[in-house]
Amino acid sequence: MSKHLKVAIIGAGPAGIYAGNILKNQHPDVEIDLFDSLPAPYGLIRYGVAPDHPRIKGIVNSLHEMLAEGTIRFYGNVTFGTDLHLKDIREHYHAVIFATGAIKDAQLDIPGIELDGSYGAADFVSWYDGHPDYPRTWPLVAKEVAVLGNGNVALDVARVLAKLPDDMLSTDIPANVYEGLKNSPVTDVHVFGRRGPSSIKFTPIELRELGEVKDVDIVVYEEDFAALPGKDSWFDEDGEGVTNQHKVMARIMNEWRERELTGAPRRLHLHFWHKPVEVLGTDGKVSGMKFERTADAGAGAISHTGEFREYNVQAVYRAIGYFGSELPGIPFDEKYGVIRNDGGRVVDEHGKRITGIYATGWIKRGPVGLIGHTKSDAMETIANLVSDIETLVDPTEESVLTKLIERGVEYTDWSGWLKLNEHELSLGAADTSHVERERVKVVDRDEMVRVSRD
Ligand code: NAP
């Protein structure tokens with residue numbers, strides 16, 4: 001246990017930072033370099049959580065403390081496979097932990113999905129969170145929009161589309177996103193689940209806040225609840241497996257069933273028992289969405305009904321799950337979009353362990369679970385890494401930064417992030433034209449690097 005360890009972590013989101021922090025606590029004789037392809041740290045929190053979710057964004061504060069302490073050294077604007085290779089890792093570190101998450105959209109293989117106006121939710125999230133590698137503008141031209149999926153990402157997308165952007169101005173919403181949303185002509189956002197209301201993957205807080213969005217009426221359809229048993233117990237006829245969370249969500253939706261519409265300028269509709277069949281198009285553009293109505297087949301399963309419905313919409317967002325991206329030279333499971341691993345130890349296609357390579361977070365287990373879940377995930381990976389210490393190969397080279405400098409990589413570091421952070425906060429404070437703004441996020445990569453390295 002006394003070996004001095006050098007470990008690289010790829011991905012400076014919550015998964016990577018939690019892993020680094022747990023490792024440092026379990027094996028204090030360690031140096032950890034944390035790399036990210038983005039110039040700023042915090043991954044999913046900065047680029048995946050909706051701007052109007054300050055409670056979740058607040059996790060940044062504890063991640064900040066973990067990095068500020070100094071053992072984990074942050075280096076941004078460094079892309080694994082381009083700026084830094086597996087060979088470099090082998091020369092400079094005992095081990096590497098991949099914590100690169102999952103930021104692509106899962107595919108939905110239905111006709112018309114490629115039409116203009118059909119989008120992946122992950123791309124839209126990257127746009128509204130100001131990801132530097134995404135376009136600065138988003139075509140918000142639809143009056144009626146379909147959002148496919150009944151998970152929290154579908155709720156985020158639907159809420160951001162329906163909400164009046166002035167109600168998000170106090171957050172870290174980028175300036176271009178505020179302007180884009182301000183000009184949106186949207187009146188109706190329809191969220192579609194392929195199963196019934198008892199099979200939603202929303203969480204209670206996120207569901208409840210929908211009903212609290214100003215100037216937006218929530219519309220639910222009585223026919224979607226017709227097949228369900230008693231009013232409060234409709235999550236499960238026998239009451240089995242019904243958690244307090246389910247009961248809260250049943251109460252919220254039952255309240256919406258009884259609520260009078262207020263005549264608000266925007267409506268957010270929740271539809272259930274709608275399986276996506278085809279995105280309909282005219283002149284290459286989305287003009288509608290076709291569904292087959294499904295029926296309850298028991299135990300959460302659905303059956304076909306042969307009844308089809310079409311809705312006039314001019315944009316479709318599929319929020320049916322994220323998918324991980326393959327990393328050069330690292331065994332990848334194409335089916336599940338994860339790095340092949342056994343408890344976080346990376347294995348080849350025959351299940352054989354590859355010394356010194358580990359994975360944690362969504363790229364290890366797939367894109368499910370809340371941010372807090374990555375902690376227990378990291379515990380498992382780190383416990384395995386620590387028990388492997390004697391098998392890890394000693395590195396032969398000193399600082400990897402020399403190599404990055406030789407390659408002309410304009411990496412950012414912790415002091416650079418502190419400067420960028422201050423800069424964004426000061427831009428927010430300087431904007432006195434509207435409400436008090438938390439910060440104005442810098443969205444241009446070159447600008448982020450320039451401010452960080454100044
Ligand atoms: P998710 O929770 O897995 O939801 C995916 C949804 O897509 C499910 O309703 C699923 O339906 C549906 N779906 C999948 N394939 C489909 C298909 N072919 N046709 C129609 N519908 C399909 O995933 P997510 O929304 O991407 O969220 C990922 C994780 O991040 C979750 O753990 C989520 O809670 C978390 N998150 C949390 C927040 C927050 O504010 N707390 C925000 C965003 C994300 P079935 O159930 O029928 O498969």
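Reader: Let's start with one residue: which helix does Met-253 lie in?

Author: Met-253 lies in helix 10, residues 244-258. Helices here are DSSP runs of H or I with at least four residues, strands are runs of E with at least two, and both are numbered from the N terminus. You're looking at a predicted model, in which local features need pLDDT of at least 70 and side-chain atom pairs count only at pLDDT 80 or more, while totals for chains, interfaces and linings use all residues. Residues are numbered from 1 along each chain as its sequence is written, and side-chain values use heavy atoms, with hydrogens and water left out.

Reader: Is Met-253 buried or exposed?

Author: Buried means under 20% relative accessible area, exposed means over 50%, and partly exposed is in between, using a 1.4 Å probe and protein chains only. Met-253 counts as buried because its relative accessibility is 0%. Also, Met-253 and Phe-225 sit 28 residues apart in sequence, with 9.9 Å between their C-alpha atoms.

Reader: On to the ligand: how many residues surround it, and which are the closest?

Author: A residue is near the ligand if one of its heavy atoms lies within 4 Å. Here 23 residues surround the ligand, with Asn-150, Asn-152, Arg-194, Arg-195 and Gly-369 the closest. By class, that shell splits into 11 nonpolar, 7 polar and 5 charged residues. Nonpolar means Ala, Val, Leu, Ile, Met, Phe, Trp, Tyr, Cys and Pro; charged means Asp, Glu, Lys and Arg; the others, Gly among them, are polar. Helix 7 (residues 152-162) gives the most to the shell, with 3 residues.

Reader: Which N or O atoms lie 2.9 Å from an oxygen atom of the ligand?

Author: A polar contact is a pair of N or O atoms within 3.5 Å; inside the protein, one must be able to donate a hydrogen and the other to accept it, and sequence neighbours count only if both atoms are side-chain atoms. Asn-150 has a backbone N or O atom at 2.9 Å from a ligand oxygen, and for Asn-152 a side-chain N or O atom is at 2.9 Å. Val-153 adds a polar backbone atom 3.0 Å from a ligand oxygen. Alone, the ligand has 910 Å² of accessible area, and the protein covers 83% of that. Those areas come from the Shrake-Rupley method with a 1.4 Å probe.

Reader: Now sheets: what order do the strands of the 3-strand open sheet have?

Author: Strands of a sheet pair through backbone hydrogen bonds, either parallel or antiparallel. DSSP must find at least two bridges for two strands to pair. The order is 11-12-13, with antiparallel pairing. Strand 11 (274-282) and strand 13 (302-311) are the edges, each pairing on one side only. From one strand to the next, the twist averages 25 degrees; axes are lines fitted to C-alpha atoms, and angles between N-to-C directions run from 0 to 180 degrees. Strand 12 (residues 285-296) is joined to strand 13 by 8 bridges, and Asp-296 stands opposite Ile-302 in strand 13.

Reader: And where does strand 10 pair in the parallel sense?

Author: Strand 10 (residues 266-271) has 5 of its 6 residues buried. Strand 8 (residues 188-192) pairs with strand 10 in the parallel sense over 5 bridges, with Asp-188 opposite Arg-267. Strand 9 (residues 216-220) also pairs with strand 10 in the parallel sense, over 5 bridges, and there Val-216 faces Arg-266.
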